Amino acid sequence: MTIIQFVLLGAALFSIGLYGVLTRKNAVLVLASVELMLAAVNVNLVAFDVYLGDASHAGQIMTLFLIALAAAEVGIGIAIVLLVFRNRRSANIDELDVMRY
Amino acid sequence: MLASLTPLVTRFAFLSEESGHEVHAGDGGALAQWAWLIVVVPVVITFLIVFFGKKSPLKGWGMATFGMAFVAVYGAVLAWVNLQEGILYEGAIEIGKIGPFALQWGWVVDGLSIMMYFLVGVVGFLVFVYAKGYMKGDVRYTWFFASFSLFAGGMLVLVSAPNLIQLIVGWELVGVSSYLLIAHYWEDFDNVDAGNKAFMTNKVADVGLFIGAIIMALSAGSFQFSEIFEKMLSGQTSLAQFGFWAGLALFIGAMGKSAQFPFHVWLPDAMAGPTPVSALMHAATMVTAGIYLVARLFPFYQLPEFAGNVNAIIAIIGAITLFFMGLLALTQDDIKKVLAYSTVSQLGYMMAAMGVGAYSAGLFHLFTHAFFKSLLFLGAGSVIHAVHSNNMSDMGGLRKYMPATFWTFMIGTGALVGLFPFAGFWSKDEIIASGYHTASVDPTFAAWFMVILSIGGAFITAFYMARAVSLTFFGDYTGHAHPHESPKVMTLPLMGLAAFAAFAGFLNVPGVTDVFIRWVTVRAFPIVEHHAEGLNWPLVFIVTPIVLVALTVGFWLFRPKETQAERDAFTIPVLYPLFEHKFYIDDFYMDGIIRPTMGPLADGTLWIDMNIVDAVPNLAGGAAKHVAAAVNTVDQNVVDGVFNTASAGTGATGGFLRKALTGRVQQYAAMSFAGVVIIAALFMIF
Amino acid sequence: MEWFDSGWGLSLVVFLPLVGALVLAAIPRANEAAMKWVALVTAIVTFVVSIVLAMRFDYGAAADIQFGTNLPWIDAISANYHIGIDGISLPLVVLSTFITLLVVIYSWEHWPEPHNPKLLLALVMILATGMTGTFVALDLILFFVFFEIVLLPMYFMIGIWGDTSMRVVPVVNWEIELRLYASIKFFLFTLFGSAFMLLGFLALYFKSGDVGPNTFDILQLSELGRAGVFTGAFAFWVFAALFLGFAVKVPMWPLHTWLPDAHTAAPTIGSVILAAILLKLGTYGFIRILIPILPDEARRWAWFIGVLAVIGIIYGSLACLAQNDVKRLIAYSSVGHMGFVMLGVATMTDIGINAAIIGMVAHGLITGLLFFIAGSMAHRYHTRDMNRLGGQMLLMPKMGVLLGFAAMASLGLPSLAGFWGEFMSLLASFNPLDGLSLGLFRTLMVLASIGTVMTAGYMLWMLRSVNFGEPAAEWLDDHNLHDVDKFEWMAWAPLVVMTIAIGIYPKIVLGATNDAVVNLVNKAFGG
């Protein structure tokens, strides 16, 4: 079994996600990009778990844990974004600079 | 409910044999058991008027008058049965226990209370009818009848009281309704002040009532009159030890309500209320509550080992009141104030009668006075209604314009001054004769003082009434209004009262009829007093000429002249200024007691409170604040110095670094990613 | 109903408001209607449960503790969750739930500034728990906890919703916002008192170890007190400590100065709760704790309590006569009325203590009503200065009539509730407990009855200035001056009805208290 395709897929997903996080203006898309990055990590975890033949399958367990975490994280994130949108009529993260200084 | 007082009735029969006065009494049956209706009906009607009066067709008058008619009829029936067979009944419901004392509402049906039910009902009914005419168009017509009904209820609570607590309740209820009615026209502060004066004077006297009731109840172990008397007569009470003080304190309470010297000051001012109020409350019924109290406790005041010694004080106070307060009526221009001082003086007669042990005579005068004085007040009201002024200087010659008022007023005057055959003649004569009897049996100073001043009082009464009648009804009209006779709704009650004023005296002609004595001596405890076999003719031949002389002199002195001012010009130097200033008693209360209390004393207390009592916490707070400030200084300059230096460095660094923080999330993310990349690179290299 | 009688009923009355407060905390700030309903339903249910308690109460055994339970709470110091009521606490428990309900009804449309109904209602609910809890606690630690719980909500109530006008404090000349001054003063005074009180409780706890296991249980301590365990200097110091704690709360002269400020500064519902119930915690402490546990010391110092009480009566009345501020006047009148209550307590007789309890209930109803009215008046006129007011009977006739009624009730008019407490404490002071100085107490009786005259004086004076005469020009076209509104009626009418009802039929209160008081006095003083 080769590992290379899975590592490439993970790297691609991570890069796309990183690009999205760093460049998108819409907070929802930023959140989606974060999900992509998490997905990349998951792909890597599953792939290496199988590749290394870990008896305890720690990688897959960690993946399940991450999926739950991602769901929780995106739930809170979306809630915050919605509240911000409701208050400011905008989800543009360039305008969210109240935490400066 | 308590059963009827059967044991007491037997006991009473036994004692009354001793006193030589034979009275048989039953328990009155259902009539007495339902007598609580007399009290409850006016009270309920008061609430009905408050809630529904304005919407009812007669604006509350109908309900109020119905209540009084009910009381009058019930009272009359009770009086009739009482005369036939005697009624002694006491009912009660328990409303709580406090320690060993049972608190009760109850109703007494005996001669004394029946007399008061009848009186309040009849006079009340007539005055309420009159008030329909007098108060017509008043701003607070319904409110007036609500307060008036409250008064009737309170008065009946008072006179039906079988215990001291209920007596106090009724006492204060009539006080507060008096306050409301005196201050009826409260837009004007003068009227409010008059109301306050009445309330406060009574409240001062009530201290006596409270203390007396407390001493009595605690010594006898009960608030019930019947139990108190029973224990008193059987000697099972420490009341003898405190008898004098209890009697004196209760009498002080009575002095307040019955306007005895020196608590008389409120009554003339109380004339600020509408005239029907003056007639019913401040002449006929409420002010007699004090007399009623002494009469209710008569056995207590009668026995030398209890409050017997107070009797002399009662007689002297009564005599002072009847004579000196009568004098004040001489200088008043306001016709209602003339009548008010006259009321004070007549109350003095009643009180003095109680003081010399003339129970029936005092109550008889209370009875007749209620009719003729309310008649006079209503007559005066009729006049005031016609000329729109209280002042006799704006009257004169009204005889021609208002014949019905004039003639009824004449009957009232005849009764008041004590002319044969009007009611006052019989009752006043009875008082003087009883006083004379007491003085001759037991010649004390108090008794003789009372007799002499009573005879003098008769002169003064006739004199000021002659002046009032002459200035009001004779001569020519000098005012500016157009006097006219009052409507029927006002004159008919006048005539009703006039009938009583003319004939009520025949209820009790010594030696001929003793209806009234039989009526009011139906008591659960014997009333031991002297009843004359016939008229005391020598006294009649002294008093009646004195009255006639006074009337003649009065009419002559104040005979018709050019102007009212000229007619009223007669004065006696030294004395008249004294009368005009009411012996300076009011001034003394105002400047000597009230102003200093409300002014310096109250202000001083408040100043002490804010600046001395409160100084401790405030100073403690202040000191704490100063200590805190000192600690703070040390803290800021020394301890904090170290930290401040450290933090200044931190601050400068932060100030530099914060320029990198733009608040853009993505920039932060890029920076952190760069950091991760660098760290990863470092891992790879090393 | 077994569960109800064995502690759950009482616990419901005490803790339902707290649950209500928690629910309130969960309601979004925007949803005011929900808050009001939650508060109202909580108050109604609590009141109904307390009425059920009153109905299931066995009046034949009013001297016994009923509905009680005794569960371990803090084992380490053997503090228990011991609750229960007898005839003395029952009227006060019902009074607390009753007043809480009325306060919530009144609040429906009368919000003091700054608005924030969520916090205000939650504070009211917490107060309710503290108040009823104090009346049912039979364990000193539990009592102390409840006693202190009421402190914070009241502090915030005065400090946040209070009068924002500036006031110069005499003597030290600071200028400070009245609400801050009053709330801090209230807090510090009460804390000062309760610090000593806690010391007293601890002393009793340790001393009780001499004859058995250490205990905070009020009933057990009462037994010990009767058995003469607490004597000598120990008893004196404990008495002094507890006296301070309770006397501040009553308040007794000269510890009363927090009261006028707190009442004047507090928002309407704050003053109502403060006057109607908080003051009773102190007198209740005297009756429930001080007299049973330290009977000999109480008897020894009865003269002192009596003298302070009568000074309070005369002094409070005189201070009232000098007032121009309606709320301050009513506040000082509370000093006088609580003086009558304390005079009743000081006589240490069954009559006197009955008088004190019925006086407490009556004062709660009447002064509660007075503060409601004064608050509503201040809200409409925007001033409390009696010199500027006048002619209210023309401007707002119904308000005027109610004020007149409340004033009459307050001056102790017979046939209204206030009379019984006043008259009976005078009655009691003529014959105080055996061994107390007759001469002194009879003098006190006379002085106190002179106090009733002065009470009448300032109440009539207030009516004259506020109700009567012609209104000043500034009020004639004032559209704020609408007459009593519907929520005010709903909150006030029950007070009026109860004032009349207790006046006519005092058995409503005495029926519960009398046996309990007789029992208490007999046990404490071996009658």
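**Exercise 1. Locate C:Ser415 in chain C, state what is unusual about its backbone, and decide whether it is buried or exposed.**

Step 1. C:Ser415 sits in the loop between helix H17 (397–410) and helix H18 (417–430) of chain C; helices (H or I, at least four residues) and strands (E, at least two) are DSSP runs, numbered from the N terminus.

Step 2. Phi of C:Ser415 is near 85 degrees, a positive value in a residue other than glycine.

Step 3. C:Ser415 is buried, because 23 other C-beta atoms lie within 10 Å. The classes are buried (20 or more other C-beta atoms within 10 Å of the residue's own), exposed (12 or fewer) and partly exposed (in between), with C-beta atoms placed from the backbone.

The model is predicted: local features need pLDDT of at least 70, side-chain atom pairs count only at pLDDT 80 or more, and totals for chains, interfaces and linings use all residues. Residues are numbered from 1 along each chain as its sequence is written, while chains are lettered from A and ligands numbered from 1 in the order in which they are written.

**Exercise 2. Carry out the corresponding analysis for C:Asn116.**

Step 1. The loop between helix H3 (89–107) and helix H4 (117–136) of chain C holds C:Asn116.

Step 2. Although C:Asn116 is not a glycine, its phi is positive, about 40 degrees.

Step 3. With 16 other C-beta atoms within 10 Å, C:Asn116 is partly exposed.

**Exercise 3. Identify the loops that hold the cis-bonded residues B:Pro421 and C:Pro251.**

Step 1. In chain B, a cis peptide bond with omega of about 5 degrees joins B:Phe420 and B:Pro421. B:Pro421 belongs to the loop between helix H19 (403–417) and helix H20 (423–441).

Step 2. In chain C, the bond from C:Val250 to C:Pro251 is cis, with omega near -10 degrees. C:Pro251 lies between helix H9 (232–249) and helix H10 (258–265), in a loop.

**Exercise 4. Describe the side of chain B that touches chain C.**

Step 1. The contact takes 45 residues from chain B and 46 residues from chain C; two residues are in contact if their C-beta atoms, placed from the backbone, lie within 7 Å.

Step 2. Elements of chain B that each supply at least two residues to this side include strand S1 (89–98), helix H7 (164–182) and helix H27 (585–613). The largest share, 14 residues, comes from H8(B).

Step 3. The residues of this side of chain B divide into 30 nonpolar (Ala, Val, Leu, Ile, Met, Phe, Trp, Tyr, Cys and Pro), seven charged (Asp, Glu, Lys and Arg) and eight polar (the others, Gly among them).
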